Amino acid sequence: MKKVISVYVFFALMFFSTVNVYADEIKHLSLSDNTLKGKFSITITSLGGYTGNCVDLYFINLTRDTLKLILEPGRRLISLESKFQDILIVKEQRFVLLPLGRKNISGYGFCCEAHDGGPVKGCRFDLGYMAPDAWVDVAKVINTHNYSSYVTQSAVWALSNDYSVNNIQSKSSSPEIDILKKAVVQANPKSNKPIITSVAPS
């Protein structure tokens, strides 16, 4: 009898180990992945302000499957009110939605329409789309470095509004700043000019 129980326990452990390995191997998917269509809903709301963790993304899993998702650097969230700026996400976030589960995450992004107003608390955004590849490359540089909000916003406006790349500066020069400047100029050659404009949204 003990031998029978031991065999049962062995196969049970093998089964659950296989399930766990399979779950671990499920890769995180971009929010734009076609296989995710209709599998989750999302509500995006401004937390007020236009830099850093400035948007709340509320996800609902509409399936009985676990969803492993990525909020990608380079995603442009579109303001539903044209008077407010869109937000460019610059930090990657990987997260899991349990079956029929719900989750809030804070999106780390920056305004990318310098001449529109800064989003007010409670205004809404659409999930939008991935920005052009050159913008995504800059977002990936920002994602892998710990730049200040000022440096990051200067870089984003150099991309979106042709502001001077020379606005991208810190109290002391560093190779990391030079890497960012180079990426911005490659993405938008028009930014390679003297400082002319540096303004915050209203």
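Is serine 41 buried, exposed or partly exposed? Serine 41 is partly exposed, with a relative accessible area of 27%. Buried means under 20% relative accessible area, exposed means over 50%, and partly exposed lies in between (1.4 Å probe, protein chains only).

This is a predicted model, in which local features need pLDDT of at least 70, side-chain atom pairs count only at pLDDT 80 or more, and totals for chains, interfaces and linings use all residues. Residues are numbered from 1 along each chain as its sequence is written, and side-chain values use heavy atoms, with hydrogens and water left out.

## Overall make-up

The secondary structure comes to four helices and nine strands. Helices (H or I, at least four residues) and strands (E, at least two) are DSSP runs, numbered from the N terminus. Along the sequence the pattern reads α-β-β-β-β-β-β-β-β-β-α-α-α.

The protein has 202 residues, and 41% of them count as buried. Its accessible surface comes to about 11,500 Å². Carbon and sulfur atoms hold 56% of that surface. The areas come from the Shrake-Rupley method with a 1.4 Å probe; for residues, only the protein chains shown count as cover.

Contact means heavy atoms within 4.5 Å. Take the contacts between residues at least 6 apart in sequence: 72% of them join residues at least 24 apart.

## Serine 41 in its strand

Serine 41 sits in strand β2 (residues 40-46). Leaving out residues up to four places away in sequence, serine 41 touches Tyr58, Phe59, Ile60 and Leu62. Serine 41 and tyrosine 58 are 17 residues apart in sequence. Their C-alpha atoms are 8.1 Å apart in space.

## The α2 and α4 pair

Two packed helices are described by the angle between their axes and the distance between the axes. Helix α2 (residues 133-143) packs with helix α4 (residues 175-187) at an angle of about 170°. Their axes are 9 Å apart. Axes are lines fitted to C-alpha atoms, for helices over the stretch in contact, and angles run from 0 to 180 degrees between N-to-C directions. The two helices are therefore roughly antiparallel to each other. Angles over 145 degrees count as roughly antiparallel, under 35 as roughly parallel, 65 to 115 as roughly perpendicular and the rest as oblique.

On the α2 side, the contact involves Ala134, Val138, Val141 and Ile142. On the α4 side, Ile179, Leu180, Ala183, Val184 and Ala187 take part. The residues of this contact divide into nine nonpolar, no polar and no charged. Here Ala, Val, Leu, Ile, Met, Phe, Trp, Tyr, Cys and Pro count as nonpolar, Asp, Glu, Lys and Arg as charged, and the others, Gly among them, as polar.

The buried residues of α2 are Trp135, Val136, Val138, Ala139, Val141 and Ile142. They pack against β5 (75-79), β6, β9 (124-130), α3 and α4.

Lysine 182 also belongs to α4. Lysine 182 is exposed, with a relative accessible area of 55%. Lysine 182 and valine 165 are 17 residues apart in sequence, with C-alpha atoms 8.8 Å apart in space.

## The enclosed helix α3

Helix α3 (residues 149-161) has 13 residues. From first C-alpha to last, α3 reaches 17 Å, close to the 18 Å expected at 1.5 Å a residue. The expected span is 1.5 Å times one less than the number of residues.

Ten of the 13 residues of α3 are buried, so the helix is largely enclosed by the rest of the structure. Among them are Val151, Gln153, Trp157, Leu159 and Asn161. The buried residues of α3 pack against β6 (87-89), β8 (102-111), α2 and α4.

Threonine 152 lies in α3. At 1% relative accessibility, threonine 152 counts as buried. Leaving out residues up to four places away in sequence, threonine 152 touches Val90, Phe110, Ile142 and Tyr147.

## Positive phi in two loops

Aspartate 162 follows α3. Neither leucine 100 nor aspartate 162 is a glycine, yet each has a positive phi.

| Residue | Phi | Loop | Relative accessibility |
|---|---|---|---|
| Leucine 100 | about 55° | between β7 (93-97) and β8 | 43%, partly exposed |
| Aspartate 162 | about 60° | between α3 and α4 | 27%, partly exposed |
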